[in-house]
Amino acid sequence: MPKKEKEEKIRYNSLVVDGVKYKTLLTQKFINRPIFKEKDPGMVKAFIPGTILKVRVKKGKRVKEGDLLLILEAMKMRNVVASPVDGVIRKVLAKAGDRVSKNQLMIEIDHEFKS
Amino acid sequence: MGLKSKSSDLRRRLRNARSGGGEKAIEKQKAIGKMTAMERIISLLDPKSFHEYDVFVEHAGKDFDMDKKYLPGDGVVTGTGMLSGHPVCIYAQDFTVAGGSLGWMHAKKITKIMDHALKLKVPLIGINDSGGARIQEGVNSLAGYGEIFFRNTLASGVIPQISVILGPCAGGAVYSPALTDFVFTVEKITKMFITGPEVIKTVLGEEISMEDLGGARVHCETTGNAHFYAESEEECFSQIKQLVSFIPWNNVKKAEKFPKKSPKTRQYKIDNVMPSDPKQPYDVRMLIKAVVDDSEFLEIQDLFAQNIVIGFSRIDGETVGIVANQPLILAGVLDVDSSDKAARFIRFCDAFNIPLVTLVDLPGYLPGVDQEHAGVIRHGAKILYAYSEATVPKITVITRKAYGGGYIAMCSHHLRADFVFAWPTAEIAVMGPEGAANIIFRKEISTAEDPDDMRKKKVEEYKEKFANPYVAAAYGYIDAVIEPEETRKMLVHALEISKGKEISMPRKKHGIPPF
């Protein structure tokens, strides 16, 4: 039967909905969907692509939530990036003049974080 | 000057006004596979049917020495004509004249033909090919866009509006197509975005090609902004002609009736399409072709959210809008994109008196954090809203699975379907047998000596009792359980009998759909 031959050429995947496994094809958008991971707020990432104007902290410095970490210039705005947590600066990966892309890690802060 | 010389003066003036941007600019346009504005209109419309207006309109720019410049037709051709025998109003931006940029008078020409379309109640076709706002005219070009968007909104649901993107369409300009009903694109020619690759690179440091950012494929596959994808302008025009043959001129007319034709049953047979196991996939488009006139199905947004299939066909000569879950892709689930796609189509059909035929076979909504966070609640609600508010005849056929929220959403009786038919293979249940048995018989399964064996037994038990159309039919939620081969016959009759359908909805200014 010609129909069967055609079916066998397609490589199906499976998708589970409510405990039932269905034979089907997946879309590229589905395959590339973001996989959820819990965020560590101590990993300070650029929320917008831009240029680092000033870095106000060094490794080992103790910071409180709300303390100024750095200034990130983007879309003609100087954005104040403040510490989201109480903790100690573990790593400073950004320096003044750096261009950062969105979600690029800029500063790591040690703090109490249960993952 | 006598009549003869006045006439020859007119011809000279017309020639001048229709000269476009000159030979060089026209050559450049052709080198990249593009036609000129006039060529596009001529090849799209019926032969010798185009009538141009406002040929002598001149631009109104005063600053930056613009007053010394002559821009033929101010970069846009407007007029009326016939498309496959249907009257249409049309405009085409002329990229060869000042990059097709939109100034105040250019916009005036467009809004004038839009006003015409709305008054005469005929479809509007806009061919976009423009570098954007004419910067020299400043705020007046912004005003021009605003006037266009406003009219797009007024005309929405009154006359069909078609946008054809045959060149750049950037910045604010993109919002006119976004407000219209159908957007046509052509590979390598369509370029549509709010901010172009240059700006994105300088401001954000992200590098991307124009094609990857806003080409035809991207808009047809990923963003869902466009509805039709073509390889060439010619192919695009034949798609437009096909679409226009399916839709009415306006919201009080019916679509053109065609001679009745049977499906091509030799090629498309329900028996050959359908696997009996509900977990096996099949291409629902083959099923559609097995029941509609001449097996002709014009699919819309065939590359976007492919887990739902939408498009136009005819049944007994009359246009129907078809919405069908596609088990071949993502098992046919509803998700953010597919709900959005179907809901908009349902609203188009309802606005333009096109009956809806819904083919149901889905396991429910797509699970996942990304879906939840992308707002599947809000987007999924759109499909419920669209079906509930639609007052055109609504006929539903449940072929296999109709589980959970998916069952309700896919034009169930509860959303006022006029007729719901189910095949004997239909399973109308709160969820798939495996899932349901696991919950209902949790205790029995976990305390059994052999839990796996017990689970299998309970799943079978559940299947036996509930995985069928008869439980729903016993409550009257299914009007008739039918043999698959009877589907077309049932649809023909249901559509015939629903022709005079009238229902009154509560009075309101307008609803507030979740968009």
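**Exercise 1.** Is Asp18(A) buried, partly exposed or exposed, and why?

*Solution.* Begin with the rule, which places C-beta atoms from the backbone and calls a residue buried if 20 or more other C-beta atoms lie within 10 Å of its own, exposed if 12 or fewer do, and partly exposed in between. Next take the count for this residue: Asp18(A) counts as partly exposed because it has 19 C-beta neighbours inside 10 Å.

A note on the model and its numbering belongs here. The model is predicted, and local features need pLDDT of at least 70, side-chain atom pairs count only at pLDDT 80 or more, and totals for chains, interfaces and linings use all residues. Residues are numbered from 1 along each chain as its sequence is written, while chains are lettered from A and ligands numbered from 1 in the order in which they are written.

**Exercise 2.** Describe the backbone and the place of Asp18(A), then do the same for Asp316(B).

*Solution.* Most residues other than glycine have a negative phi. Asp18(A), although not a glycine, has a positive phi of about 50°, and it sits in the loop between strand 1 and strand 2 of chain A. Turning to chain B, Asp316(B) has a positive phi near 55°, and its place is the loop between strand 11 (308–315) and strand 12 (318–325) of that chain. Asp316(B) is partly exposed, because 19 other C-beta atoms lie within 10 Å.

**Exercise 3.** Set out the elements of chain A and the extent of the chain.

*Solution.* Helices (H or I, at least four residues) and strands (E, at least two) are DSSP runs, numbered from the N terminus. Chain A has 2 helices and 10 strands, in the order α-β-β-α-β-β-β-β-β-β-β-β from the N terminus on. Along the principal axes, the C-alpha atoms of chain A fill a box of roughly 75 × 35 × 20 Å. Of the 115 residues in chain A, 21% are buried.

**Exercise 4.** Which elements of chain A supply at least two residues of the side that touches chain B?

*Solution.* Two residues are in contact if their C-beta atoms, placed from the backbone, lie within 7 Å. By this rule, 23 residues of chain A are in contact with 27 residues of chain B. Strand 1 (13–17), strand 2 (20–24) and helix 2 (28–31) of chain A each supply at least two residues of that side of chain A, and the largest share, 5 residues, comes from strand 2 of chain A.
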